Amino acid sequence: MELELRHLRVLCAIADSGSVGRAAVALGYTQPALSTQLRRIERLLGEGLFVRSSTGVELTAYGAEVVSQAREILSRADALGRRPAGGPPAASGALRLGVTNTPVVPTLLDALRDACPDLAVSVSSVYATGELLALLEAGELDAALGIDYPGLPVRHSAALDHRAVNTVPIFVAIHAGHPLAHRVEVPLEELSRDTWFVASDDGVGWPGAFYDACRAAGFTPAATHEFHVLDQLQSMIARGLGVTAVQPTVRPADGVLVKPLAGDPLWQRLLLLWRRDRVAPPVAEALHHHAVRTYRNLLAQAPHLQKWVTRAYTPAHPQAAVRTDRDRAPAARPSADGSPADGSSAGRAPAARPGPSGDNGPAPLGADGGTTRR
C-alpha cells in the first residue's frame with residue numbers, strides 16, 4: 001500500500017470531525033470500512049495517529065504533525081492548474097537569462113516565445129560558466145544555462161538552485177585530411193603530436209579537465225593555442241592547423257570531421273541555474289522543459305552523434321528494444337550543441353559512464369538500464 005491523496009483526505013476528515021463515524025458519513029464510507037482504512041494508514045506510517053475514546057478520537061502528537069503535512073499537500077494538489085481569474089499566466093514576467101554562446105540559444109528562445117508569450121526574456125551571452133555564476137550570485141541575472149564536469153560539480157550558494165539538462169561525451173574536430181580521418185573513433189593519445197586549440201578558463205574546471213585527460217592518456221599537448229571563436233576555429237582546422245575538443249552536435253564546416261574519442265575520456269554536463277528568489281517554480285520548470293527539448297532536437301540533427309549512439313549501445317534484452325518513451329527515464333539521452341571554442345568545454349572522464357545526475361537532471365543515453373555499452 002502507498003499513501004494517496006484519498007488517504008490524506010481520510011485523515012483530515014477524521015481530525016476535523018473528531019470521530020471516525022462522523023468522518024465516514026461525510027466521506028460516504030461505512031464506519032467499519034473507514035476504521036479499516038485508518039488502521040492500514042497507521043500501520044504504513046508505523047505509529048498511531050489518533051487516541052480512541054468513547055466520545056471520539058483525538059490526534060496524538062505524531063498525528064498532529066502528519067495531518068498538518070497532509071493539509072499542505074492537499075492544498076498544493078488542489079491548486080494545481082489553477083490561478084485567480086484574470087491573473088497572470090504561471091510563466092510570466094521578466095527574466096534575465098545568461099547563456100554560453102551555443103547554437104541552442106535561438107531555438108530555445110523561439111520555443112519560449114511560443115510556449116510562454118507572457119514571459120519577457122532578455123539574454124546575455126557570457127563565455128564562462130564561472131562568470132555566469134558570479135552574475136547570478138550578485139543578482140544581475142535571474143537564470144543561466146551553463147556547464148560542469150563529472151567529478152567537478154558546480155558549486156553555488158543556497159540563493160541559487162540548479163538542475164541538469166543532460167550529460168554528453170565530448171568529440172574531437174580534425175582536418176578531413178588528418179592521418180586519423182579514417183578512424184571510426186580517435187584515441188586521444190594518438191593526438192599527442194597535434195597542435196590543440198583550447199578554450200580559456202571557464203571558472204568551473206576547464207581547461208584543467210582537458211589536461212587531466214591528456215595526462216591520463218600519457219601525454220601533454222606539444223603545442224596549444226587559446227581560442228574559442230567557432231567560425232574562425234573551424235576554418236583553421238579545415239586548413240590542417242590543429243584539432244580541438246567539441247560537443248558532439250557541432251556542425252562541421254567543409255574540410256572538418258567530427259569524431260568520437262575512443263573510450264569517451266571527456267564528458268560535460270549541461271545545467272540550468274536560477275535564483276530562488278527571482279524565478280518562480282513554474283518559470284524554472286518551463287525553462288528546463290524547453291531546454292531539454294531543444295537539446296534533444298539538436299541531437300537528432302547530428303549524424304556523427306547518431307552513428308556513435310548506434311555503435312556504442314545495444315539492447316541488453318530483446319524487450320528493451322521496444323520500450324516506449326513512457327517507459328524510459330525522461331531524458332535518457334545525451335545532450336546539447338556547441339563547442340569549447342564556442343563558449344563550452346569538455347570535462348574529465350568519470351570511472352564509468354555518468355549515471356543519473358542526482359539532482360533531478362536527465363542521464364545520458366543508456367543510463368535507464370535498457371541498453372548497455374558494447
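User: Which backbone nitrogen lies 2.8 Å from a polar atom of the side chain of glutamate 42?

Analyst: Happy to help; first, a word on the model. It is a predicted one, where local features need pLDDT of at least 70, side-chain atom pairs count only at pLDDT 80 or more, and totals for chains, interfaces and linings use all residues. Residues are numbered from 1 along each chain as its sequence is written, and side-chain values use heavy atoms, leaving out hydrogens and water. Glutamate 42 has its place in helix α3 (residues 31-45), and the partner of its side chain at 2.8 Å is the backbone nitrogen of leucine 49.

User: Is glutamate 42 buried or exposed?

Analyst: Buried means under 20% relative accessible area and exposed over 50%, with partly exposed in between (1.4 Å probe, protein chains only). Contact means heavy atoms within 4.5 Å, and, not counting residues up to four places away in sequence, glutamate 42 touches Glu47, Gly48, Leu49, Phe50 and Arg52. Because its relative accessibility is 10%, glutamate 42 counts as buried.

User: Why are the buried residues of helix α6 on the same side?

Analyst: Helices here are DSSP runs of H or I with at least four residues, and strands are runs of E with at least two, numbered from the N terminus. In α6 (residues 129-137), the buried residues are Thr129, Leu132, Leu133, Leu135 and Leu136. They lie on the same side of α6 because the arc they cover around the axis is only 165°.

User: Which helix gives the most to the largest nonpolar core?

Analyst: A nonpolar core is a set of buried Ala, Val, Leu, Ile, Met, Phe, Trp, Tyr and Cys residues joined through side-chain atoms within 4.5 Å. The largest one has 60 residues, and Leu95, Val172, Trp196 and Trp206 have the most contacts inside it. With eight residues, the helix that gives the most to this core is α9 (residues 281-300).

User: Which strands stand at the edges of the open sheet?

Analyst: Two strands pair if DSSP finds at least two bridges between them. Five strands make up this open sheet, in the order β9-β8-β10-β7-β11, with mixed pairing. Each edge strand has a single partner, so one side of each is left without a neighbour in the sheet; these strands are β9 (223-226) and β11 (256-260).

User: Which residue in β10 does valine 172 stand opposite?

Analyst: Strands β7 (residues 171-175) and β10 (residues 243-246) run antiparallel and are joined by three bridges. In β10, the residue opposite valine 172 is alanine 245.

Methods: Polar contact = N/O pair within 3.5 Å; in protein donor to acceptor, adjacent residues only side chain to side chain. Arc of directions from axis to C-beta.
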